[in-house]
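Me: I'd like to go through this model with you, pockets and side-chain pairs included. Can you take my questions one by one?

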Amino acid sequence: LTDNEVNYAPRREDSLTGQERVIYNDIVNQFGNSEEAERLFGDLNDREKLNRVYQFAFDRNGDEEGLNFWQQQLDLNNVTVATFAMEVALGAQNEDITVLNNKIASADLFSESINTEAKRDAYSGSSGEIFGREWLDDFGDTISTQAQVDSALTDLVNA
């Protein structure tokens, strides 16, 4: 988004207009239509998809009011599951933003540490996706250390 000069933060009550919205939707929906997203969400109904996003991002189920609101937005074609996920993340507050930021920091450290061919090979494909998601589940209340990342990647390479 930054590369396309799109500044967007819903917590600041920003809104997207015209070409900004086109760029935003294109980028977000590329992720939402990826093979990984299909493996994660393909067999779920919309309500289950919405709740899974809450579980992944915040380590909790969505509240009924929030799920109802987003279900209505999906039904009205105002959002896709991918844009919903981005909107929920960008609008996170209180404890949710802490959990999400801890997961992002941990994921960034993990991603930056996949710096050899052996690590890249071990982390490729759907087994790598599963490994990464399961590893990231441990980080919501805390941020991963480099030692935890190194240990996980060693286990992955040696598996």
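Me: What volume does the second largest pocket have?
Reply: Keep in mind that this is a predicted model. For the second largest pocket, the computed volume is about 310 Å³.

Me: Which residues lie nearest the centre of the second largest pocket, and which elements give two or more residues to its lining?
Reply: There are 14 lining residues here, and Trp70, Glu87, Val88, Gly91 and Ala92 lie nearest the centre. As for elements giving two or more residues to that lining, they are α3, α4 (64-75), α5 and α6.

Me: How many of the residues lining the second largest pocket are charged?
Reply: Split the lining by class and you get 7 nonpolar and 3 polar residues. The charged ones come to 4.

Me: What about the largest pocket: how much space lies in it?
Reply: That one is lined by 42 residues, with Glu36, Leu40, Phe41, Phe56 and Ala85 nearest its centre. The space in the largest pocket is about 1,500 Å³.

Me: Which helix gives the most to the lining of the largest pocket?
Reply: Several helices supply at least two residues each: α1 (18-32), α2 (35-41), α3 (46-58), α5 (81-90), α6 (94-112) and α8 (125-136). With 9 residues, the one that gives the most is α6.

Me: And by class, how many residues in the lining of the largest pocket are nonpolar?
Reply: Polar residues number 9 and charged residues 10 in this lining. The nonpolar count is 23.

Me: Which elements are among those that cover the buried residues of α5?
Reply: The buried residues of α5 are Val81, Ala82, Thr83, Phe84, Glu87 and Val88. Two of these, Glu87 and Val88, are also listed among the residues nearest the centre of the second largest pocket. What covers the buried residues of α5 includes α1, α3 and α4.

Me: On to charges. How far apart in sequence are Glu36 and Arg133, whose side chains meet in a salt bridge?
Reply: The N to O distance for Glu36 and Arg133 is 3.8 Å, inside the 4 Å cut-off for a salt bridge. Glu36 sits in helix α2 and Arg133 in helix α8. In sequence, the two are apart by 97 residues.

Me: Are Glu36 and Arg133 buried, partly exposed or exposed, and what makes it so?
Reply: Buried would need under 20% relative accessible area, and exposed over 50%. Glu36 comes out at 33%, so it falls in between. Arg133, at 25%, lands there too, so for both the class is partly exposed.

Me: Why does the salt bridge of Glu129 and Arg39 tie together distant parts of the sequence?
Reply: Their side chains meet at 2.2 Å, N to O. Glu129 belongs to helix α8 while Arg39 belongs to helix α2, so the pair joins parts whose separation in sequence is 90 residues.

Me: Which of Glu129 and Arg39 is buried, and which is partly exposed?
Reply: Arg39 has a relative accessible area of 44%, so it counts as partly exposed. Glu129 has 13% relative accessibility, which is under the 20% cut-off. The buried partner is therefore Glu129.

Me: Which residue is linked with Arg39 and Glu129 in a network of salt bridges?
Reply: A search of the whole structure finds 6 salt bridges. In the network that holds Arg39 and Glu129, the other member is Glu35.

Me: What is the N to O distance in the salt bridge of Glu64 and Arg47?
Reply: Glu64 is in helix α4 and Arg47 in helix α3, 17 residues apart. Arg47 is partly exposed at 24% relative accessibility. The N to O distance is 2.6 Å.

Me: Now the rings. Why does the pair of Phe69 and Trp70 get its geometry class, and which class is it?
Reply: The count of aromatic pairs comes to 9. For Phe69 and Trp70, the ring centres are 5.0 Å apart and the planes meet at 80°. That angle is over 60 degrees, so the class is edge-to-face.

Me: Which rings join Phe69 and Trp70 in a cluster?
Reply: Trp70 is buried at 15% relative accessibility, whereas Phe69 is partly exposed at 42%. Ring pairs link them into a cluster with Tyr54, Phe58 and Phe84.

Notes: Residues are numbered from 1 along each chain as its sequence is written. This is a predicted model: local features need pLDDT of at least 70, side-chain atom pairs count only at pLDDT 80 or more; totals for chains, interfaces and linings use all residues. Side-chain values use heavy atoms; hydrogens and water are left out. On a 1 Å grid over the protein atoms alone, a cavity is a set of points where a 1.4 Å probe fits but cannot get out, and a pocket is an open set with protein on both sides within 12 Å along at least five of seven lines; lining residues have an atom within 4 Å of a point. Grid points are joined across faces, edges and corners, and a volume is the space filled by probe spheres set on the points. Helices (H or I, at least four residues) and strands (E, at least two) are DSSP runs, numbered from the N terminus. Ala, Val, Leu, Ile, Met, Phe, Trp, Tyr, Cys and Pro count as nonpolar, Asp, Glu, Lys and Arg as charged, and the others, Gly among them, as polar. Buried means under 20% relative accessible area, exposed over 50%, partly exposed in between (1.4 Å probe, protein chains only). Contact means heavy atoms within 4.5 Å. Rings of Phe, Tyr and Trp (its six-membered ring) pair if their centres lie within 6.5 Å; planes under 30 degrees apart count as stacked, over 60 as edge-to-face and the rest as tilted.
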